[in-house]
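Dear colleague,

Please find below the structure that I am handing over to you, together with its sequence. My account of what was found in it follows directly after.

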Amino acid sequence: MKLDKGARVLIAMSGGVDSSVAAALLVEQGYDVVGVTMKTFCYSGTGDHGKTCCGLDGIIDARRVADRLGFPHYVFDVEEQFARDVIDDFVDEYALGRTPNPCVNCNSNTKFRDLLLRGEQFGCQAIASGHYVRVEHGPDRSRLLRGRDPAKDQSYFLWGLPPEILPRLLFPVGELTKSQVRDRARGLVLPTAEKPESQEICFIPTGDYRDLLKRTLRARHPALEPGRLVLQDGTDMGEHDGYAGFTVGQRKGLGGGFDEPMYVLEIRAETRDVVIGPREALHAHGVRVTRPHWLGTPPEVETETLVQIRYRAPAVPAWVVSRDAESIELRFREPQRAVSPGQSAVVFRDDEVLGGGRIAGGLRRTATPNAGAASVDR
């Protein structure tokens with residue numbers, strides 16, 4: 001996408017240093033910048049309500065940056081949409097024994113969908129954010145690429161974007177490292193230059209998601225009721241106080257007295273059992289992904305691609321075993337640990353994000369790696 005100098009661009013501002021520098025770069029490039037911050041949830045009810053990335057402090061800091069750089073800033077309330085698309089889904093997934101990724105839902109649904117709407121209302125030709133990703137705009141289509149800084153790349157969270165909006169997106173810090181962003185902020189004397197990064201989920205300022213589940217789920221919901229800790233063969237090994245407190249790969253909270261360290265292997269919501277086992281039992285030879293969403297051309301069956309199953313995990317080689325409109329199954333070249341239902345699996349071709357989906361579970365059968373293998377059993 002080629003924009004004329006002076007074109008109007010809407011920039012999403014969380015009040016952090018990344019979106020602040022993204023806004024500053026747009027101003028430097030001569031664009032007519034409009035800043036917006038989305039109020040996504042109610043900020044009352046906790047002493048820390050203002051200190052999350054989307055909290056009241058973030059709104060104030062975003063406005064200070066806009067004033068410093070000389071462009072208008074607006075706040076829009078999307079609390080209802082955010083509750084429906086992100087918080088409700090978050091609670092539902094934990095109730096089913098899965099581990100959700102709310103940032104993916106927020107970006108795929110509430111954030112960029114609403115930004116596009118607001119941008120149209122302001123007459124903006126493009127939408128920008130402070131994500132560490134890149135968009136390559138070609139004559140036929142636009143491609144979403146990893147950010148240059150491998151330590152900060154956020155492409156994992158953006159596989160659910162509607163592909164039709166890619167030509168209208170700008171990610172000004174995608175070519176920079178985090179240290180370069182900090183340096184630019186200091187050089188511009190931005191109010192957010194030394195602001196620390198927010199680590200918690202924005203709508204859980206206490207840091208404990210179980211607080212939200214206890215407030216939201218009905219009394220005596222099975223997810224919060226005691227259940228059994230069992231081995232894979234069904235041997236009873238003790239009791240837990242609610243399967244919503246566990247995720248696949250977890251080691252803490254399982255008690256002691258075992259001959260070797262134990263990990264969560266599976267959560268069986270229908271029986272409230274949490275299945276535990278040794279570290280080697282965590283390994284899966286493949287992954288099944290549901291509701292796949294594609295930004296680029298989907299990989300063909302029996303071809304090799306790259307798949308990333310956690311934000312901080314590397315993308316690893318995998319063969320496409322099967323693919324249809326509802327799911328895709330991939331077999332890893334090397335077994336992977338802790339394939340967690342509810343998390344995202346993102347498919348890449350080199351640095352390009354092809355798409356992704358939600359992990360339904362790991363595939364367990366060992367097979368001799370070859371591109372022509374037909375199937376993998378669960």
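I begin with a single pair of residues: Leu229 stands opposite Val274, which belongs to strand 11. Please bear in mind throughout that this is a predicted model.

The pair just named lies where two strands meet. Strand 8 (residues 227-230) and strand 11 are paired in the parallel sense, over two bridges. Strand 11 (residues 273-277) also pairs with strand 10, here in the antiparallel sense and over five bridges. In that second pairing, Arg268 has Asp273 of strand 11 as its bridge partner. Strand 10 and strand 11 make up a hairpin, with four residues between them. In the turn of this hairpin, Arg272 has a positive phi of about 65°.

These strands belong to an open sheet of four strands, whose order is 9-8-11-10 and whose pairing is mixed. Which strands stand at its edges? They are strand 9 (236-240) and strand 10; each has a single partner strand, so one side of each is left without a neighbour in the sheet. From one strand to the next, the twist averages 30°.

A second open sheet consists of five strands in the order 3-2-1-4-7, and its pairing is parallel. Its edge strands are strand 3 (73-77) and strand 7 (169-170), each of which pairs on one side only. Strand 2 (residues 32-39) runs parallel to strand 3 and is joined to it by five bridges. Within this part of the sheet, Gly35 stands opposite His73 of strand 3. Helix 2 (residues 56-69) packs on the sheet and touches both strand 2 and strand 3. The direction of helix 2 makes about 155° with that of strand 3.

I turn now to the packing of helices, in which helix 3 (residues 79-95) takes part twice. How do helix 3 and helix 6 lie relative to each other, parallel or perpendicular? Helix 3 and helix 6 (residues 209-216) pack at an angle of about 95°, and their axes are 10 Å apart. Angles of 65 to 115 degrees count as roughly perpendicular, and the two helices are therefore roughly perpendicular to each other. Helix 3 contributes Ile87, Phe90, Val91 and Tyr94 to the contact, while helix 6 contributes Tyr209, Leu212, Leu213 and Thr216. By class, this contact has seven nonpolar residues, one polar residue and no charged residues.

The packing of helix 3 with helix 4 (residues 102-121) is described by an angle of roughly 170°, and the two axes come within 9 Å. That makes helix 3 roughly antiparallel to helix 4, since angles over 145 degrees are counted in that way. On the side of helix 3, the residues that meet helix 4 are Gln81, Phe82, Arg84, Asp85, Val86, Asp89 and Phe90. On the side of helix 4, they are Pro102, Asn105, Cys106, Asn109, Thr110, Arg113 and Asp114. The residues of this contact divide into five nonpolar, four polar and five charged. Phe90 is named in the contact with helix 6 and also in the contact with helix 4.

Further along the chain, strand 13 (residues 304-308) takes part in two antiparallel pairings. Four bridges join strand 13 to strand 14 (residues 316-323) in an antiparallel arrangement, and there Leu306 stands opposite Pro317 of strand 14. Strand 13 also pairs with strand 16 (residues 344-349) in the antiparallel sense, over three bridges. In this case Val307 stands opposite Val347 of strand 16.

Finally, I draw your attention to the second largest pocket, which holds about 530 Å³ of space. It is lined by 26 residues, and the closest to its centre are Leu265, Glu266, Pro341, Ala360 and Gly361. The elements that give two or more residues to this lining are strand 10 (263-268), strand 12 (283-294) and strand 17 (352-363). Strand 10 thus appears once more, having been met above as an edge strand. The lining comprises eleven nonpolar, eight polar and seven charged residues.

With kind regards

Technical notes
Residues are numbered from 1 along each chain as its sequence is written. This is a predicted model: local features need pLDDT of at least 70, side-chain atom pairs count only at pLDDT 80 or more; totals for chains, interfaces and linings use all residues. Side-chain values use heavy atoms; hydrogens and water are left out. Two strands pair if DSSP finds at least two bridges between them. Contact means heavy atoms within 4.5 Å. Axes are lines fitted to C-alpha atoms, for helices over the stretch in contact, and angles run from 0 to 180 degrees between N-to-C directions. On a 1 Å grid over the protein atoms alone, a cavity is a set of points where a 1.4 Å probe fits but cannot get out, and a pocket is an open set with protein on both sides within 12 Å along at least five of seven lines; lining residues have an atom within 4 Å of a point. Grid points are joined across faces, edges and corners, and a volume is the space filled by probe spheres set on the points. Ala, Val, Leu, Ile, Met, Phe, Trp, Tyr, Cys and Pro count as nonpolar, Asp, Glu, Lys and Arg as charged, and the others, Gly among them, as polar. Angles under 35 degrees count as roughly parallel, over 145 as roughly antiparallel, 65 to 115 as roughly perpendicular and the rest as oblique.
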